[in-house]
Amino acid sequence: MSSDAQAIHHESFVLNVGPQHPATHGVLRIKLTMDGEYIVDAEPVIGYGHRMHEKMGENRSYAKFLPNTGRMDYVAALFNGHGYVGAVERLAGLVVPERAEYIRVITCELNRIASHLLWVGAFLVDLGGFTPLLYCFDDREHILDLIESVTGSRLTFCYFRFGGVCNDVDDNFIVGARDFVASMRSRMPMYDAFVSKNIIFRKRCEGIGILSADDCRKYGATGPVIRGSGVAYDVRKMEPYSVYSQLDFNVPVYTECDCMARYRVRIDEIVESLRIVEQALGKLPAGPVMADKVPRALKPPKGDCYFNVESARGSFGVRAFSDGSENAYRLKLRSPCFSNLSLFQECSRGMLLTDALALLGSLDLVIPDIDR
Amino acid sequence: MTEGMVMNLVRLLLYLVGMIGFAAFNAAYLTLLERKQASWMQLRRGPTEVGPWGLLQPVADGVKLMSKQLLLPRDVDVPLFLLGPIMVVVPPILCLVTIPFSETLVARNFNLGLLMIFAFGAISTFVLMLAGLASANKFSSIAAARIVAQNIAYEIPLLVIVLSLVMSTHSFNLHTIVDQQAGGFWHWNLLRLGTNPLMPVAFLIYFICLLAESNRAPFDMVEAESELVAGVFTEYSGMGFGLFFIAEYVNIVVGCCLATILFLGGWHCPFGLLPGLHWFLIKMYALCVMVVWVRWSFPRTQFYGLLNLSWKILIPLALANLLLTAVMLKLF
């Protein structure tokens, strides 16, 4: 040990944030080496919620793995399903009816709004403000009611099937979704007035938790985290999947690189998602919601493919290898939260505990998505 | 023993019981107020199950806290750890001794009442620090270190403001200070712009310091839930934990009482009619509602943000206020 390191060693102490700590939203443990209130080193310790999803994908048939997808990133569960069915459809060469693709986009975007709303609430709780959470949950509840009416569940959705979706949407859903778009738009100024313009909130976010674009690229960060650092990377635009290429939407990008930029990206994304939902509802074609002749025991031909979707937290990718049998030979899941968390160790060095926890909150981590 | 002495003793005993009762009642029902008010702000209904409209909820909370085990973690400094909750609750109750609730209702009216309140107020935060250090928990220790800095930073502007007020009222006696504000709200110290045009600013500074001194959000560094788990209270359980909260609420009551006396005319009516205890209580509880309102509207400040606010804004403003008062007194 060098003398410098020794000097640090004597002055510092280890602070365990987690596995049970109010700021970590789950069983994430961060081993902080602290010098007073300054962070010398932060080592995320993950795996408390590891359930071997990848291995499970290999020892059961493709269809039987579907319910697992809703249990990784459970806050935005539809995206996991979308990524998985997308990969398997590509492997098996299935063509999805257009109506089903539109329904996927509508439900996914609603799920994105719900996820971002939950993040806004949880982030404010991290910063010590409890009230916005309840307002976010109020709006989120409307979305969950809508999605429940077509998927049958409220959190761990298992709605998408290989070749389509399992239930068609009815008129009630379409009317409800239109109403929600209108009501959510009318609520946005309220969030702006009470959260975005709140002086303490701004002081706690502006200039705090700087993540440079280079760091973000280095660690493979995606989603609102990299878009808050000025990189316009969005899978929906870069590699359009489903029917996103037929819809008109912007990718919000902010160049401040701080917590506020990530907050603004997510708030703008809610607005953009509302636009997408509105357009998709207008363009929703008639027709079947399942492809014809999808075999019950799906045996995709030999080969491998990668399919990624823009989840609420970034790029969720599935790489599936098929050896021609009923089970995948290998299933690799790329979770956005894992990459986003890996930024934390380097970027939190030298920060104050308070600010580091704001940074941690702004990454929007869902721990089961990291642990898988 | 003369009859006068007996009467005096009975009077003191009655006041002692009365004050403890008042403190306990307020501590219990301010928690309910806090929960109800938070629920109104948050589209919820708050406690509704225990008693009509949840009115017996504080009783249920008290029974629950008392029935919980008092845990003693292995490494704690036992005497200090156990003394902490007791010592933290006594000073704010003692502060009530010198508060004049109405023309006649005051336990002990003595000339240095104002000074005594600040002396006991300082003990309260000091005990919080000791409790944090005695807990032998890293989160508690960090919180304890924060308390010291926070206490120093906010005691200064608070005292400077009170000093400028004492300069314009020429008295440390709370009763005298209220008496000077008789007759209509334009006589209140808050609007006594003749002696000090910055009086409303002084009130604002006092209010901010009150939040910080009683460790209320947005300045709740002592607890700082999402950072320090529960700050200095982390290792406390059962009624030990409960006593800290009683102390917090009694501190708020004392702070609001003092604000009412110093700035809002005490028991005097805003329109010069029917002065009495009810006006004092109305003003005091209105301030308590404000304190709760602030808590549920704002996120927590950063610790350095808290210190910056005090050293860079509040202290210079308070000193300017003091200087201005001195100049005005000299001139007029």
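Colleague: How many residues do chain B and chain A each put into their contact?

Modeller: In general, two residues are in contact if their C-beta atoms, placed from the backbone, lie within 7 Å. Here 21 residues come from chain B and 26 residues from chain A. Bear in mind that this is a predicted model, where local features need pLDDT of at least 70, side-chain atom pairs count only at pLDDT 80 or more, and totals for chains, interfaces and linings use all residues. Residues are numbered from 1 along each chain as its sequence is written, while chains are lettered from A and ligands numbered from 1 in the order in which they are written.

Colleague: Which element gives the most to the side of chain B that touches chain A?

Modeller: Elements are DSSP runs numbered from the N terminus: helices are H or I with at least four residues, strands are E with at least two. On that side of chain B, helix H5 (138-169), helix H8 (225-228), helix H10 (277-297) and helix H11 (303-331) of chain B give two or more residues. H8(B) gives the most, with three residues. 

Colleague: And what about the classes of residue on that side of chain B?

Modeller: Ala, Val, Leu, Ile, Met, Phe, Trp, Tyr, Cys and Pro count as nonpolar, Asp, Glu, Lys and Arg as charged, and the others, Gly among them, as polar. The side of chain B that touches chain A has 10 nonpolar, six polar and five charged residues.

Colleague: On to sheets. What is the strand order in the sheet that holds E1, E2 and E3 of chain A?

Modeller: Two strands pair if DSSP finds at least two bridges between them. This open sheet runs E1-E2-E3 (chain A), with antiparallel pairing. Strand E1 (13-17) and strand E3 (38-45) of chain A are at the edges with a single partner strand each, so one side of each has no neighbour in the sheet. The twist averages 25 degrees from one strand to the next. E1(A) pairs with strand E2 (residues 29-35) of chain A over five bridges, and A:Phe13 has A:Met34 in E2(A) as its bridge partner.

Colleague: Which strands are at the edges of the E6-E7-E8 sheet in chain A?

Modeller: Strand E6 (303-311) and strand E8 (328-334) of chain A, each pairing on one side only. Strand E7 (residues 314-322) of chain A meets E8(A) in the antiparallel sense over six bridges, with A:Val318 opposite A:Leu333.

Colleague: How do the axes of H5 and H14 in chain A cross?

Modeller: Axes are lines fitted to C-alpha atoms, for helices over the stretch in contact, and angles run from 0 to 180 degrees between N-to-C directions. Helix H5 (residues 98-126) of chain A and H14(A) come within 9 Å and cross at roughly 170 degrees. Angles over 145 degrees count as roughly antiparallel, and H5(A) and H14(A) are therefore roughly antiparallel to each other. A:Ala122, A:Phe123 and A:Asp126 of H5(A) touch A:Leu357, A:Ala358, A:Gly361 and A:Ser362 of H14(A).

Colleague: Last one, phi. What is it for A:Asp364?

Modeller: Most residues other than glycine have a negative phi. A:Asp364 has a positive phi of about 60 degrees, though it is not a glycine. Its place is in the loop between helix H14 (353-362) and helix H15 (367-371) of chain A.

Colleague: Is A:Asp364 buried or exposed?

Modeller: A residue is buried if 20 or more other C-beta atoms lie within 10 Å of its own, exposed if 12 or fewer, and partly exposed in between, with C-beta atoms placed from the backbone. A:Asp364 counts as buried, with 27 C-beta neighbours inside 10 Å.

Note on methods
Angles under 35 degrees count as roughly parallel, over 145 as roughly antiparallel, 65 to 115 as roughly perpendicular and the rest as oblique.
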